[in-house]
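The following exercises concern the architecture and packing of one protein chain. Each task is followed by a solution in steps.

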Amino acid sequence: MALTRSEGQAARTGAPAFGFAGYSGSGKTTLIERLIPIFSGAGLQVSLIKHTHHGFDIDRPGKDSFRLREAGASQVMLAGEKRWALMTELRNLPQPTLAELKAQLAPCDLVLVEGFKSADLPKIEVCRPSLGHPFVHSSFPGVVAVASNEPVDCGLPCLDLDDPLAIAEFVLRFLDIPAQLAGVVA
């Protein structure tokens, strides 16, 4: 049964998190992009935290917000009629932990996490054996299954990377989140 809005509201405090880890190019983002509409279609409000090892900037040079951040503002919030975003400059402070980042999210039913391989949360390893990388789960905690585009022998449940509905069902069962996925298009 899908969560109703009121049940969803109650479930939002301390929303469970589930991660996806793997090497660059393995298909993590593509898989998550396919999972979000499935979870949303089941009535769940989903948020995402994505880790990147690369320097990134969501702002553009020359824009007021960029200029104000460059002038030394620790935080700059952009707000418009369709969205708002808060940029925080660490300015030599340590990178926030996953728990600290999760605490910044608005209430939701499920938090998906991309990256954060070493974080202590349940996760699916996304792998493509043709890339020739070793398994992530042998070095990092919390991997409870492997999603691959071909069968792999790894001692964990192996999910078909091309079957996002089955992966969504696995995640919901693992987290014990009641949701009805029947009729949701993958």
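**Exercise 1.** Determine whether Phe 39 is buried or exposed, and identify its surroundings.

*Solution.* Step 1: the relative accessible area of Phe 39 is 0%, so the residue is buried; here buried means under 20% relative accessible area, exposed over 50%, and partly exposed in between, with a 1.4 Å probe and protein chains only. The structure is a predicted model, in which local features need pLDDT of at least 70 and side-chain atom pairs count only at pLDDT 80 or more, while totals for chains, interfaces and linings use all residues. Residues are numbered from 1 along each chain as its sequence is written, and side-chain values use heavy atoms, with hydrogens and water left out.

Step 2: Phe 39 belongs to helix α2, where helices (H or I, at least four residues) and strands (E, at least two) are DSSP runs numbered from the N terminus.

Step 3: leaving aside residues up to four places away in sequence, Phe 39 touches Leu 44, Val 46, Leu 110, Leu 112, Ala 168, Val 171 and Leu 172; contact means heavy atoms within 4.5 Å. For Leu 110, the C-alpha atom lies 8.7 Å from that of Phe 39, although 71 residues separate the two in sequence.

**Exercise 2.** Describe the nonpolar cores and state which residues touch the most other members of the largest one.

*Solution.* Step 1: a nonpolar core is a set of buried Ala, Val, Leu, Ile, Met, Phe, Trp, Tyr and Cys residues joined through side-chain atoms within 4.5 Å. The largest has 27 residues, and Phe 18, Phe 20, Phe 39, Ile 124 and Ile 167 touch the most other members.

Step 2: two or more residues come from each of β1, α2, β5, β6, β7 and α5. Helix α5 contributes the most, with 6 residues.

Step 3: the contacts of Ile 167, not counting residues up to four places away in sequence, include Phe 20, Leu 31, Leu 35 and Ile 124. A second, separate core has 10 residues, among them Ala 15, Val 111, Val 113 and Leu 121. In soluble globular proteins, nonpolar side chains tend to be buried together.

**Exercise 3.** Establish the strand order of the open sheet and the placement of the helices on it.

*Solution.* Step 1: the 6 strands of the open sheet are ordered β2-β5-β1-β6-β7-β8, with parallel pairing; two strands pair if DSSP finds at least two bridges between them. The edge strands are β2 (46-50) and β8 (158-160); each has a single partner strand, so one side of each is left without a neighbour in the sheet. From one strand to the next, the twist averages 25°, where axes are lines fitted to C-alpha atoms, for helices over the stretch in contact, and angles run from 0 to 180 degrees between N-to-C directions.

Step 2: β6 and β7 run parallel and are joined by 5 bridges, with Lys 123 partnered by Val 143 of β7. Strand β7 (residues 143-148) pairs with β8 over 3 bridges, also in the parallel sense, and Ser 148 has Asp 160 as its bridge partner in β8. Of the 6 residues of β7, 6 are buried, so the strand is largely enclosed by the rest of the structure.

Step 3: helix α5 (residues 164-175) lies across β1, β5, β6, β7 and β8, at about 135° to β1.

**Exercise 4.** Locate the salt bridge and state which parts of the chain the pair ties together.

*Solution.* Step 1: the structure holds 1 salt bridge, meaning a side-chain nitrogen of Lys or Arg within 4 Å of a carboxyl oxygen of Asp or Glu. The partners are Glu 114 and Lys 50, whose closest N and O atoms are 2.7 Å apart.

Step 2: Glu 114 lies in strand β5 and Lys 50 in strand β2, so the pair ties together parts that are 64 residues apart in sequence.

Step 3: Glu 114 counts as buried at 4% relative accessibility, whereas Lys 50 counts as partly exposed at 47%. Side chains of opposite charge can pair when their charged atoms come close.

**Exercise 5.** Characterise the chain as a whole: how many helices and strands does it have?

*Solution.* Step 1: the chain has 5 helices and 8 strands, in the sequence pattern α-β-α-β-α-β-β-α-β-β-β-β-α.

Step 2: of its 186 residues, 37% count as buried.
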